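The following exercises are to be worked with the sequence and the model side by side. Each one sets a task and then gives a solution in steps.

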Amino acid sequence: LSAEINAVSKSNNFVGPGLILSYKSKNTLRGAELFSLNLRGRFEKQVSGEKEGDTAYEIGVDASMDMPGLIPFKLRKINKPYAPNSSITIGTGIYSRVSLYRFNTYTTGLEYTWRKNDYITHVIRPVEISYTNLSDASQEFKKFLLLNPSIRQSFEEQFIIGMSYNFIINKLAATNKYRYYINAGVDPSGNLASIINGIVSNADEEDKQFTLFGTAISQYFRIRTDFRYYFKTGKESLIATRLYAGVGIPYGNSKVMPYIKQFYAGGTNSLRAFRARSVGPGSYITPDSLENVLIDQTGEIKLETNIEYRFPIVGFLKGALFSDIGNIWLVNEDSLRPGGKFDLDYFHKQLAVGIGFGLRVDIVLVVIRFDWAIPVRKPWLPEGERWVFSEIDLFNRRWRKYNLLWNISIGYPF
């Protein structure tokens, strides 16, 4: 049995406590199985901004059973140091912005993990099923969705039935000067929709949608890559870099990706000079009339790169200088989010750029991170005015309020 109490401070001005209760049972079925049950909860309050005083909460429960081998297959020969592992999971969660909406998710799946050696890991999820439902919405939020059809479709009740594969190379623990990490993944959804439709559901003759128990099945193909490269510049200093790229293509049943599968930019582990999920898509920015709604900005394409110089200061206190560059985009044109569609000839002009300085309290078991960042390129401004170096005024209180972001987090960003 274990309990964890934590607190979070987000760059979108939400702060609050969280609680995680866990139960683990080793050797559950007398075959080296591990059963885990987790109950988590979080309460947050917005301490400043247009909707100061707004509250949000999150409640979730999930259970998993980890078992040696590839269930239900029997392997004749197993390399014991890297024996494969199977995991069956099931969970549910509720996220609510009290004044706007409540969003429910239900998930289950089967996962195989197989390490080839000390560095290479294969993770295959042959079955992933999730169900999402917007169970409650305020009149303000309903009006917003009515005016934004593509966002409304991403929130609609839907099944996600798919699979995924991740190929991981992890050489971050290597002792040589250069270290790297690669995590490449692909997850299609809805490919078996026609088979499932023929067994337990029907197709709507008007739009030819495949449904399961009357709920549409999402169809998309998503691929993403996370590449990190580190090289030492001194005994305790190094330069860390990251390149993240992701693309999701909706098709068939779906005109947009499900909300929980879309990409976002901004936040403590992303573009630190911008508030969480506030950047993009493209050069789009939410009109002033909709600022009170504060919907997370999401898209189907993401490009992001980060570079950070890490160095010692004294003892367990370390410092960092960093720069973050990136954005998200839409696959299809959305007239209500102009400038959001990805254009191969133009996307580089829509990149957001931030720079900053950070302190890390590194006591081996945990790293507490403080980052101060400012935007130096804002993609939503008119062309020719997006670089904003000339506007930097650290001694101006109003400028600091809207431009200087303070991020608090646990662990390194990458």
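**Exercise 1.** Determine whether Lys261 is buried or exposed, and describe its surroundings.

*Solution.* Step 1. Lys261 has a relative accessible area of 17%. Buried means under 20%, exposed over 50%, and partly exposed in between, computed with a 1.4 Å probe on protein chains only. Lys261 is therefore buried.

Step 2. The model is predicted, so that local features need pLDDT of at least 70 and side-chain atom pairs count only at pLDDT 80 or more, while totals for chains, interfaces and linings use all residues. Residues are numbered from 1 along each chain as its sequence is written, and side-chain values use heavy atoms, with hydrogens and water left out.

Step 3. Lys261 belongs to the loop between β13 (238–250) and β14. Strands (E, at least two residues) and helices (H or I, at least four) are DSSP runs, numbered from the N terminus.

Step 4. Contact means heavy atoms within 4.5 Å. Apart from neighbours within four places in sequence, Lys261 is in contact with Ile160, Asp187, Tyr220 and Arg222. Its C-alpha atom is 8.4 Å from that of Glu300, although 39 residues separate the two along the chain.

**Exercise 2.** State which strands hold Ser409 and Gln46, and classify the two residues as buried or exposed.

*Solution.* Step 1. Ser409 is in strand β18 (residues 405–410), and Gln46 is in strand β3 (residues 34–46).

Step 2. Ser409 has a relative accessible area of 14% and is therefore buried. Gln46, at 3% relative accessibility, also counts as buried.

Step 3. Beyond its neighbours within four places in sequence, Ser409 is in contact with Thr268, Asn269, Val367, Ile368 and Arg369. For Gln46, the C-alpha atom of Val15 is 6.4 Å away, with the two positions 31 residues apart in sequence.

**Exercise 3.** Describe the second largest pocket and its lining.

*Solution.* Step 1. On a 1 Å grid over the protein atoms alone, a pocket is an open set of points where a 1.4 Å probe fits, with protein on both sides within 12 Å along at least five of seven lines; lining residues have an atom within 4 Å of a point. Grid points are joined across faces, edges and corners, and a volume is the space filled by probe spheres set on the points.

Step 2. The volume of this pocket is about 360 Å³. Its lining has 17 residues, of which Arg179, Leu238, Arg310, Asp362 and Tyr412 are the closest to the centre.

Step 3. The lining divides into 6 nonpolar, 2 polar and 9 charged residues. Here Ala, Val, Leu, Ile, Met, Phe, Trp, Tyr, Cys and Pro count as nonpolar, Asp, Glu, Lys and Arg as charged, and the others, Gly among them, as polar.

Step 4. The largest share, 3 residues, comes from β12.

**Exercise 4.** Identify where the backbone has cis peptide bonds and where phi is positive in a residue other than glycine.

*Solution.* Step 1. Most residues other than glycine have a negative phi, and most peptide bonds are trans.

Step 2. Cis peptide bonds, with omega about 0°, join Ile71 to Pro72 and Gly280 to Pro281. Pro72 is in the loop between β4 (55–68) and β5 (85–97), while Pro281 is in the loop between β13 and β14.

Step 3. Phi is positive for Asn27, near 60°, and for Arg277, near 55°. Asn27 is partly exposed, with a relative accessible area of 32%; Arg277, at 29%, also counts as partly exposed.
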